[in-house]
Amino acid sequence: MMKNVKRKEKNVYWLVIVIMLTMSYAPARAGETSASTVEELRAEVQALEQEAARLEEENSGLRGMLLNDLDNDELYLVVDTEGNRLTMRKGNEVLHTAVCGTGSRQSMKAETGTKWYFETPMGSFKVLGKERNPVWIRPDWSYAEENMPVPPPGDPDRIVRGVLGKYALILGNGYKIHGTKWKKLLGTHFTHGCVSLGDDDLELVHDSVKIGTRVYLY
Amino acid sequence: MRNSKCEARNIRNKIVGLFLLLAVFLPGAGAGDQGSGELAALEERQKSLRSKIEALRDEQDFLLFQKSMYSADSKYLILNIRKNTGQLKYKNRLLKDFHFVPSKNFPAGALKPGMLVLTKKIEDKNKRPALMFGSSFILQGKKRKPSPEQAKLPYISVTKRDMRSLFFAVEEGALAYIVR
């Protein structure tokens with residue numbers, strides 16, 4: 001009887017010891033493994049944080065550089081020579097859109113053999129001058145078109161008043177943004193290369209731009 | 001009999017003592033729980049940082065593209081496939097805004113943000129223009145029927161007027177940038 005109790009006691013001791021060891025050892029092992037993983041992860045997160053910070057700094061610098069180039073407050077004109085639209089923009093904002101006329105894209109040959117191709121030039125221009133009641137100095141093609149003899153340069157016969165509307169914006173090389181008496185043709189390719197506008201649109205554009213305003217023709 | 005009762009009490013006491021000892025070891029198990037909590041938090045942070053870095057890299061790529069185009073002398077397109085809007089730009093200037101409608105097979109989800117090259121300007125027999133960006137997609141006017149070899153390609157449609165303007169404005173080799 002006594003022996004039996006002693007054996008039982010021994011068995012219970014062993015059982016408790018085994019449970020104790022298992023319970024104390026297992027969490028310790030798990031802790032060890034997770035500690036090394038946590039360490040690695042911590043290091044990786046730190047490296048990722050550094051990379052994100054570096055990218056943020058670089059992007060902020062680039063953004064600043066691009067914003068400086070943007071001159072958001074500057075007004076500019078855009079002429080769509082295919083769609084015959086003139087748009088007045090400021091930054092990404094459209095201030096006004098007008099129907100315009102652009103070059104006919106047709107060619108002409110004079111009896112003398114001289115050839116002309118009536119196309120609105122494309123690219124980046126600047127308003128070089130602003131005119132009120134502009135005069136038209138008739139170019140050679142204007143005489144050739146009507147089979148008239150071409151007068152010498154500077155001939156007073158070349159000066160024509162009242163055909164370009166109330167205002168004109170000079171773009172250079174003889175090209176202008178001006179008015180027209182052919183209002184019904186606005187929205188089509190009918191000019192000899194200049195950009196034509198209706199009276200109200202012309203006045204608005206003239207009053208809004210200054211010398212140096214950028215004009216983009218495409 | 002009394003002796004055996006006494007023995008049993010003795011054993012019980014010893015067992016209780018051993019369990020008390022065990023209780024001293026148990027807090028170690030709590031450390032494991034704490035570690036796994038931190039592990040989960042770090043994994044979450046790692047995931048969010050990775051997606052943030054990806055977004056920042058995309059943004060940087062776009063900013064660098066714009067920087068290079070500001071000093072280039074050619075017009076380019078920016079296509080926002082999330083908003084279905086496009087822009088025609090020259091240097092730092094916006095020349096034209098437009099909306100587009102993607103075709104049913106347009107891979108908006110699969111198309112990654114980045115640069116594309118206008119590989120071909122095409123006009124069908126009715127002179128309806130389109131811009132082909134490699135094997136990625138075609139930019140075309142509404143109701144344009146593509147040729148059989150182009151029919152498999154996804155496309156985005158703009159109004160006829162916008163299409164004519166865009167077609168006239170850009171040359172083969174011009175760049176487009178896809179943004180989301």
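Start by selecting Tyr76(B) and looking across to strand 2 of chain B: the residue standing opposite is Lys89(B). Keep in mind as you go that this is a predicted model.

**Stop 1: the hairpin in chain B.** Now widen the selection to residues 75-80 and 85-90 of chain B, which are strand 1 and strand 2. These two strands pair in the antiparallel sense, and six bridges connect them. Next, pick the turn: four residues sit between the strands of this hairpin, and Asn84(B) has a positive phi near 60°. If you have a Ramachandran panel open, Asn84(B) is a good residue to highlight there.

**Stop 2: the other neighbour of strand 1.** Add residues 175-179 of chain B to get strand 10, which runs parallel to strand 1 and is joined to it by four bridges. For a landmark, click Ile78(B); opposite it in strand 10 of chain B stands Tyr177(B). In a regular strand, side chains alternate between the two faces of the sheet.

**Stop 3: on to strand 5.** Strand 10 of chain B also pairs with strand 5 of chain B, this time in the antiparallel sense, over four bridges. Select Val117(B) to find the spot where Leu175(B) of strand 10 stands opposite.

**Stop 4: the whole sheet.** Which order do the five strands of this open sheet in chain B follow? Reading across, the order is 3-2-1-10-5, with mixed pairing. Colour strand 3 (93-99) and strand 5 (114-117) of chain B to mark the edges, since each pairs on one side only. From one strand to the next, the twist averages 25°.

**Stop 5: a helix in chain B.** Select residues 160-169 of chain B, which make up helix 4, and show Asp162(B), Met163(B), Ser165(B), Leu166(B) and Ala169(B): these are its buried residues. They lie on the same side of helix 4 of chain B because they cover an arc of only 165° around the axis.

**Stop 6: over to chain A.** Chain A has three helices and 14 strands. Of its 218 residues, 24% count as buried. Among contacts in chain A between residues at least 6 apart in sequence, 61% link residues at least 24 apart.

Finish with helix 3 of chain A, residues 199-208, where Asp201(A), Leu202(A), Val205(A) and His206(A) are buried. Their arc around the axis is only 130°, so they share the same side of helix 3 of chain A. Then rotate the view to the face turned away from that buried side, where you will find the exposed residues Asp200(A) and Asp207(A).

Note on methods:
Residues numbered from 1 in each chain as written. Chains lettered and ligands numbered in written order. Predicted model: local features only at pLDDT ≥ 70, side-chain atom pairs only at ≥ 80, totals over all residues. Buried ≥ 20, exposed ≤ 12 C-beta atoms within 10 Å, placed from the backbone. Contact = placed C-beta atoms within 7 Å. Pairing = 2+ DSSP bridges. Arc of directions from axis to C-beta. Axes fitted to C-alpha atoms, helices over the stretch in contact; angles between N-to-C directions.
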